[in-house]
Each structure stands twice: as C-alpha cells, then as structure tokens.
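I opened this model to look up how some helices pack. A pocket was also on my list.

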Amino acid sequence: MRTPAALIPALTAALLLASCAEEPAGQDGEAGAGLPDGAPTGQAEQTLATAPDPTGEQLDHEEMREALDTHVSGSITDTDDYWERIRDLNTELQRLAVDPNDCKPYVTASALPVPSSALAAFAEDDQQHTAIYTFPDADAAQAYMDNEQRGAGQCGEHTVTRELDSAQIEATTEIDEVEVLSAADASLGVRQEVSDADGAEHAIGVVLRHQAQVVAVSRSLSEPLDGEEAEESAVELEAEAAAILEDLTGADLEPPEPEPEEDDDEDEGEEGE
C-alpha cells in the first residue's frame with residue numbers, strides 16, 4: 001500500500017481505495033466523467049494529462065525532483081503522474097463514510113496525493129515517503145498546514161467505511177501529535193495507527209512549512225513507538241525535511257535547542273524555604 005501524502009488520514013483512505021477496483025471514467029453514465037465541466041472530451045483529456053504550470057512562488061517539477069534526488073533515494077514521481085486521475089480519486093473519496101462526519105473534509109483533503117492549489121513531487125524509499133508541496137504563496141501553504149493541524153487535533157480518532165458491492169470495508173485511525181522543534185515557519189508531527197479487519201499499521205510523520213514550500217516525511221513502522229521513541233524519530237524526520245526545505249528556500253533552518261527540563265528536587269527545595 002502506497003502512503004500518499006504527509007499525513008495520516010491518507011493512509012486510512014488508501015486502505016479503502018486500494019480494495020476498490022479502478023472504475024473507468026464515465027462508468028456512472030455521465031458523459032466525460034472526471035473531465036472539466038463543459039470541455040470537449042478530446043481537448044479535456046489532453047488538458048488533464050499534465051498539471052498546470054507553476055504560478056506565483058511555486059517551484060517547477062524539475063526543481064522539486066532535483067531536491068528529492070539530492071537528499072533521498074527511491075523512485076520519484078510528481079503531479080503529472082496523478083493529475084489525470086485526481087477528479088476520479090476525489091469522486092471515490094466522496095463516497096467514503098467518516099465517523100464522526102465532521103472529519104470527512106479533513107480525511108478527503110488529506111487523502112488526495114496533491115493538495116488543492118499545489119504542485120508536488122514524491123519519493124518512495126522502502127518504508128519512507130517524502131513529499132514536496134509547492135504553493136502559489138505562503139498563505140496557501142499555511143492554509144494546508146492549518147487543515148492538517150485542525151484535523152490532527154479534532155479528529156484524533158475516526159473511522160472510515162467504504163461500501164463495495166455487498167462488502168463493507170472499515171478502517172479506524174488513531175492520531176497523536178508529537179512535539180517537533182523546528183526553525184521553519186510552521187511544523188507538525190504525528191504518529192498514527194490504522195486498524196482494520198486484517199490488523200493494524202503504524203506510522204510517524206513530520207510536516208514543515210517555510211514560505212510557500214511544504215515538505216512532509218512519513219515512515220511506516222512495524223510496531224507503535226512509545227513517547228520517547230516517537231520524539232527521537234520526529235527529530236530524525238524533522239532534520240530530513242528541513243534539509244530539503246533549505247535547498248528549496250535558501251533559508252537556514254537549524255532547529256532551536258530544546259529547553260532544559262526543570263529539576264524536580266530543586267523545585268521542591270525552593271517551595272520548602
């Protein structure tokens with residue numbers, strides 16, 4: 001199962017969608033299903049074959065691919081590899097039932113391989129997935145981060161169900177935030193467990209935003225991490241994401257030093273004086 005995107009509901013949706021046979025465009029009887037409204041079929045298919053050109057502060061695919069090739073191993077893909085199927089995938093995602101229902105917008109948005117208004121490049125290396133999302137401006141990039149942050153906070157446990165013929169496929173996702181120290185403009189760390197009838201899968205991910213660029217690194221795990229292990233893993237993932245962001249933005253993103261822990265014995269002594 002491919003881990004799309006940075007974060008975690010993507011895994012839930014992937015569990016379900018991976019079990020669904022790919023339906024050809026127009027199967028529901030709609031002319032040109034999956035194509036822009038009102039466009040002639042031939043012209044629309046050609047338009048959807050490749051992603052739009054970068055706009056504003058967006059990077060192009062070559063720049064993103066070069067950054068990934070410099071820092072990570074594995075196969076590299078980009079927006080063009082997914083673009084012509086985005087409409088079809090979004091249609092499939094809308095068919096998912098999410099409990100609580102308020103979490104559905106978060107699940108469906110996070111499950112799309114390319115966020116709204118973004119271009120992207122991805123690297124797959126065994127159990128690790130690295131994604132670069134480039135947005136027209138910093139506000140659009142922060143809107144993406146805000147959605148992920150809200151989802152992680154408000155949808156810490158949710159269940160996704162897909163009806164397929166006479167079968168019902170169900171997966172439950174549990175999300176915990178992990179502290180991330182970063183000099184980037186915004187950061188988020190999470191660990192997750194996705195469970196279904198076949199068992200459970202675990203992952204940890206870190207997402208950093210600096211300016212209009214976002215880098216997400218997620219790692220599949222053979223077993224869940226405890227609090228200290230998760231923090232150590234988040235440090236590693238943050239460093240990998242920051243190195244790529246530095247190449248993309250030219251910024252120095254050396255993370256701040258953690259604040260020293262308070263000495264409990266010293267505090268008790270001060271209270272007794």
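**Helix packing and a pocket**

I looked up H3 against H7 and found the two oblique to each other, because their angle falls outside the bands for roughly parallel (under 35 degrees), roughly antiparallel (over 145) and roughly perpendicular (65 to 115). The model is predicted, so I note that local features need pLDDT of at least 70, side-chain atom pairs count only at pLDDT 80 or more, and totals for chains, interfaces and linings use all residues. Residues are numbered from 1 along each chain as its sequence is written, and side-chain values use heavy atoms, without hydrogens and water.

H3 covers residues 61-71 and H7 residues 227-249; I read an angle of about 140° and axes 10 Å apart. Axes are lines fitted to C-alpha atoms, for helices over the stretch in contact, and angles run from 0 to 180 degrees between N-to-C directions. Helices are DSSP runs (H or I, at least four residues), numbered from the N terminus.

I then listed the contacts (heavy atoms within 4.5 Å). Glu63, Ala67, Leu68, Thr70 and His71 of H3 touch Ala243, Ile244, Asp247 and Leu248 of H7. I sorted the residues of this contact into five nonpolar, two polar and two charged.

Next came H5 (residues 104-111) and H6 (residues 138-154), whose axes come within 10 Å and cross at roughly 130°. That makes H5 oblique to H6 as well. On the H5 side I noted Tyr106, Ala109 and Ser110; on the H6 side, Asn147, Glu148, Gly151 and Ala152. This contact holds three nonpolar, three polar and one charged residue.

Note on methods. Ala, Val, Leu, Ile, Met, Phe, Trp, Tyr, Cys and Pro count as nonpolar, Asp, Glu, Lys and Arg as charged, and the others, Gly among them, as polar.
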